[in-house]
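This report covers the fold, the nonpolar core and the ligand shell of one protein. It begins with a single residue and works outward.

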Amino acid sequence: MDILNTAERARAGRYRFDEDRARYLAGRATLKRALAERTGLRALDLCIEEADWTKPRLALLPGDPPIFFNVSHSGDYALVAVTDAAEVGIDIEQIRSDCPIDDLARRYYSAHEYKMLRKLPATRRLHDFYRLWTAKEAVLKCAGLGLSVPPALLEVRLSASAAPAIHCLDPQRRFLEQILVRELMVAEGYVSAVAVERHTEIRINII
Ligand SMILES: CC(C)(COP(=O)(O)OP(=O)(O)OC[C@H]1O[C@@H](n2cnc3c(N)ncnc32)[C@H](O)[C@@H]1OP(=O)(O)O)[C@@H](O)C(=O)NCCC(=O)NCCS
């Protein structure tokens, strides 16, 4: 708590559920420590600018080198990605076996993704449902768009041996295909993915 500013403490106080507050606090504190380490500034002095529905950014002075980050939380985990190379997006989801995946896939996935999932046995279907979701969300968060873009428009092809391939069904948003996505193995019972702009090499340190 000692590295959170007044606005962040106020936001923590607005969560209705303790577990949501704890997830936010853990993610924000980890993020500020990582940003402090990268910038050489004191964590308490860092100001993360956030406006409704926009990607949070670190307030920098003119001439400061850029720094990019993204945060995701689910269940017992908060994931933080920080890089000075390019825009980044990250997503983690706790696998919930009570999730109505068929309904959700019908509404939020492309026809091809839905058909592909329907062919899988139940356990694999649940897992791949989350793999598709985290890949979509990581890409959309990398672009700063979040769920303002219908996830069905971002078609993901999964592979056992290669990174997920992204195909955008909306010709106006083909730029999303320039984003590279990788799956992450973080913990049993969770699925996650990280995305960066394509010209960047992905090197992952999990700390
Ligand atoms: C960003 C978004 C995808 C978060 O999804 P989620 O699964 O609930 O939550 P996650 O834990 O994965 O991510 C939350 C983090 O995403 C980040 N985030 C918020 N808006 C973002 C955006 N537009 N792009 C990228 N990252 C964003 C924040 O850092 C947030 O963490 P914090 O609140 O602790 O700072 C979702 O809230 C979203 O799409 N928002 C923007 C667009 C939108 O919803 N528009 C609808 C209104 S028209």
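Which residues does Ile 179 touch, not counting residues up to four places away in sequence? Ile 179 touches Val 139, Cys 142, Ala 143, Ile 166, Ala 195, Glu 197 and Arg 198. Here two residues are in contact if their C-beta atoms, placed from the backbone, lie within 7 Å.

The model is predicted: local features need pLDDT of at least 70, side-chain atom pairs count only at pLDDT 80 or more, and totals for chains, interfaces and linings use all residues. Residues are numbered from 1 along each chain as its sequence is written.

**Overall fold**

The protein has five helices and nine strands; helices (H or I, at least four residues) and strands (E, at least two) are DSSP runs, numbered from the N terminus. The radius of gyration is 18 Å, close to the 17 Å that the globule rule gives for 207 residues, so the protein is as compact as a globular protein of that length. That radius is taken over C-alpha atoms, and the rule is 2.2 Å times the number of residues to the power 0.38. The C-alpha trace spans about 50 × 40 × 30 Å along its principal axes. Among contacts between residues at least 6 apart in sequence, 51% join residues at least 24 apart.

The domain assignment, which is automatic or from a database, gives domain 1 (6-65) and domain 2 (90-197). The C-alpha centres of domain 1 and domain 2 lie 26 Å apart.

**Burial and core**

Of the 207 residues, 28% count as buried. A residue is buried if 20 or more other C-beta atoms lie within 10 Å of its own, exposed if 12 or fewer, and partly exposed in between, with C-beta atoms placed from the backbone. Three residues illustrate the classes.

| Residue | Location | C-beta neighbours inside 10 Å | Class |
|---|---|---|---|
| Trp 53 | loop between strand E1 (48-49) and strand E2 (57-58) | 10 | exposed |
| Ser 110 | loop between H3 and helix H4 (111-118) | 20 | buried |
| Val 196 | strand E9 | 25 | buried |

Phi of Trp 53 is near 65°, a positive value in a residue other than glycine. Most residues other than glycine have a negative phi. Leaving aside neighbours within four places in sequence, Ser 110 is in contact with Ala 152, Glu 155 and Leu 169. Ser 110 and Leu 153 are 43 residues apart in sequence and 6.7 Å apart in space, C-alpha to C-alpha. By the same kind of distance, Val 196 and Glu 113, 83 residues apart along the chain, are separated by 22 Å.

The largest nonpolar core (buried Ala, Val, Leu, Ile, Met, Phe, Trp, Tyr and Cys residues joined through C-beta atoms within 7 Å) has 37 residues. Val 88, Ala 138, Val 139, Ile 179, Val 181 and Ala 195 touch the most other members. Helix H5 gives the largest share of this core, nine residues.

**Ligand shell**

The ligand is surrounded by 18 residues, the closest being Lys 55, Ser 72, Lys 141, Gly 146 and Leu 147; a residue is near if its C-beta atom, placed from the backbone, lies within 6 Å. Helix H2 (18-39), strand E3 (68-74) and helix H5 (122-142) each supply at least two shell residues, and the largest share, four residues, comes from E3. Domain 1 and domain 2 each contribute at least three residues. By class, the shell has five nonpolar, eight polar and five charged residues. Ala, Val, Leu, Ile, Met, Phe, Trp, Tyr, Cys and Pro count as nonpolar, Asp, Glu, Lys and Arg as charged, and the others, Gly among them, as polar.
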